[in-house]
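Please look through the structure shown here, beginning with its aromatic rings and ending with its cysteines.

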Amino acid sequence: MDKTTLGLNLPTDPRWANVSEMNLAEILIDHAYCEQKAASSGISLIVTYPERTELVEVMTDLVAEEWGHFERVLEKMKARGITLGRKRNDEYVAAISKISKSGGSRDEQLVEKLLLNALIEARSCERFKLLWKNIGDEDLSKFYYELMISEAGHYHTFLDLAKKYKGEEYTMTRWAEILEKEAEIIQKLEVRSDRMH
């Protein structure tokens, strides 16, 4: 799961994993909401693009997997006496959402959504790798290793779908632009101990 695999231009500040270990309850709560939002995002794509048969089929499987992750995070929380609590603002997703181009064709708008989803999956995968390698809780470490592999697969799924609808050249040019802007956002965001992103 290196830069070549994920494509990210800027790695997470290594302090994040150290800080997050001290706040695992908060990380788990935020993670649960991230999985719920990932499932919701897949449902939104199905509802918005029902005529795209392959997209609907792929997203149906992805939604089921993301919801399964949500349930698994809840199980980890329950075992540790942690309740879900209220939804929190996701500063990272709010910031990267502004990268998305408005206007353009229906296919271009679909590709924007697919690439932003690919970006979130790639960054989540990178964060899961940090948790897997750095937290002392053996059960959670194994859990985050499993999710790291899954999120890497989702990242490739979204990127491959984007290429299908707008071609390799368009997709990878736009992807490079998005990665550059995401790196700028990561540089400016505060390193927080209570957020997955």
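How many residues apart are Trp67 and Phe70 in helix α4 (residues 53-79), and by about what part of a helix are they separated? In this predicted model, Trp67 and Phe70 are 3 residues apart in that helix, which means that about one helical turn separates them. Their rings form a tilted aromatic pair, with 4.6 Å from centre to centre and 40° between the planes. Of these partners, Trp67 is partly exposed, with a relative accessible area of 40%, whereas Phe70, at 10% relative accessibility, counts as buried.

This pair is one of 5 aromatic pairs found in a search of the whole structure. Another of them joins Phe143 and Tyr144, which are likewise tilted, at 5.3 Å centre to centre and 55° between the planes. Both Phe143 and Tyr144 are buried, and together with Phe128 they form one aromatic cluster.

Charged side chains also meet aromatic rings here. Lys76 lies over the face of Phe143, at 5.3 Å from the ring centre, and the charged end of Arg127 sits over the ring of Trp16, 4.9 Å from the centre of that ring.

The cysteines remain to be considered. The structure has 0 disulfides, since a disulfide requires two cysteine sulfur atoms within 2.5 Å. For Cys34, the nearest cysteine sulfur is that of Cys125, 14 Å away, and Cys34 is in no disulfide. Cys125 is likewise in no disulfide, its nearest cysteine sulfur being that of Cys34. Cys34 counts as buried at 12% relative accessibility, and Cys125 counts as buried at 0%.

Notes: Residues are numbered from 1 along each chain as its sequence is written. This is a predicted model: local features need pLDDT of at least 70, side-chain atom pairs count only at pLDDT 80 or more; totals for chains, interfaces and linings use all residues. Side-chain values use heavy atoms; hydrogens and water are left out. Buried means under 20% relative accessible area, exposed over 50%, partly exposed in between (1.4 Å probe, protein chains only). Rings of Phe, Tyr and Trp (its six-membered ring) pair if their centres lie within 6.5 Å; planes under 30 degrees apart count as stacked, over 60 as edge-to-face and the rest as tilted. Helices (H or I, at least four residues) and strands (E, at least two) are DSSP runs, numbered from the N terminus. A charge sits over a ring if NZ of Lys or CZ of Arg is within 6 Å of the ring centre and within 35 degrees of the ring normal.
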